[in-house]
Amino acid sequence: MRPTYDRNVNVEQCKGGLVIVQAWYGVFGSSNKLIDVTVPLQCLVSNSKLILPEHTKTGLVGFYDVSFGEEKQLAVKYRFRNIMHEVMIEDSDPFEDSTTISPDSASCKSGGS
């Protein structure tokens, strides 16, 4: 998954697209039963879009149920067009950041850094 993540981040950064800076999934609050889902979430980004289903996120690759029976949330800190954003959604809420980026004149080379 890491090579996919690295390629995805490189492509998105190059065009000022959607880069997941940090993402946590689980039970927030006093118990803080959380998992880092930054890498799997970035791997779901395609053409600067991230669309998550309207049901529990535990079925997504890289996610799992950290605490059966408790309400979970997804917190995402991301950069889009070089502006930082933060969002927190309930486990069963959909998320769609489908702002389309127009290709700019800059050319980006994919590959290693």
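**A four-stranded sheet and its nonpolar core**

Asn-8 lies in helix H1, which covers residues 2–14. This residue is a handy place to enter the structure, which is a predicted model. With a relative accessibility of 12%, Asn-8 falls under the 20% limit and therefore counts as buried. Beyond its neighbours within four places in sequence, Asn-8 is in contact with Gln-42, Cys-43 and Val-45.

Stepping back, the protein contains two helices and six strands. Read from the N terminus on, these elements follow the pattern α-β-β-α-β-β-β-β. The protein has 113 residues, and 35% of them count as buried. Its accessible surface comes to about 6800 Å², with 49% of that area belonging to carbon and sulfur atoms. Contacts between residues that are distant along the chain are also found: when pairs at least 6 apart in sequence are considered, 64% of the contacts join residues at least 24 apart.

The sheet comes next. Four strands form an open sheet, arranged in the order E2-E1-E4-E5, and the pairing is antiparallel. Strand E2 (33–36) and strand E5 (83–90) stand at the edges with a single partner strand each, so one side of each has no neighbour in the sheet. From one strand to the next, the twist averages 15°. As a reminder, strands of a sheet pair through backbone hydrogen bonds, in either a parallel or an antiparallel way.

It helps to walk across this sheet pair by pair, beginning at the E2 edge. E1 and E2 pair in the antiparallel sense over four bridges, and Tyr-25 stands opposite Ile-35 in E2. These two strands form a hairpin with five residues between them, in which Gly-29 takes a positive phi near 120°. Moving on, E1 and E4 are paired in the antiparallel sense over seven bridges. Here Val-19 stands opposite Arg-79 in E4, while Gly-26 has Gln-73 of E4 as its bridge partner. The walk ends with E4 and E5, an antiparallel pair with eight bridges. Leu-74 stands opposite Ile-89 in E5. E4 and E5 also form a hairpin, this one with two residues between the strands, and Arg-81 in the turn has a positive phi of about 55°.

The loop between E1 and E2 deserves a second look, as Phe-28 is located there. Is Phe-28 buried, exposed or partly exposed? Its relative accessible area is 27%, which means that Phe-28 is partly exposed. Setting aside its neighbours within four places in sequence, Phe-28 is in contact with Leu-34, Gln-73, Ala-75 and Met-88. Phe-28 can also be placed relative to Leu-74: the two are 46 residues apart in sequence, and their C-alpha atoms are 9.1 Å apart in space.

Leu-74 leads on to the interior. The largest nonpolar core has 18 residues, and Ile-20, Leu-41, Leu-50 and Leu-74 are those with the most contacts inside it. At least two residues of this core come from each of strand E1 (19–27), strand E3 (50–52) and strand E4 (73–80). Which strand gives the most to this core? The answer is E4, with four residues. Leu-41 shows how parts of the chain meet in this region: not counting residues up to four places away in sequence, Leu-41 touches Ile-20, Ala-23, Leu-50, Leu-52, Phe-63, Leu-74 and Val-76.

Strand E4 thus returns at several points in this description. Six of its eight residues are buried, so E4 is largely enclosed by the rest of the structure. In the sheet, E4 stands between E1 and E5 in the strand order, and E4 also gives the most residues to the largest nonpolar core.

Conventions: Residues numbered from 1 in each chain as written. Predicted model: local features only at pLDDT ≥ 70, side-chain atom pairs only at ≥ 80, totals over all residues. Heavy atoms only, no water. Core = buried A, V, L, I, M, F, W, Y, C linked by side-chain atoms within 4.5 Å. Buried < 20%, exposed > 50% of the residue type's maximum accessible area, 1.4 Å probe, protein only. Contact = heavy atoms within 4.5 Å. Pairing = 2+ DSSP bridges. Axes fitted to C-alpha atoms, helices over the stretch in contact; angles between N-to-C directions. Areas by Shrake-Rupley, 256 points an atom, 1.4 Å probe, with all protein chains shown as cover.
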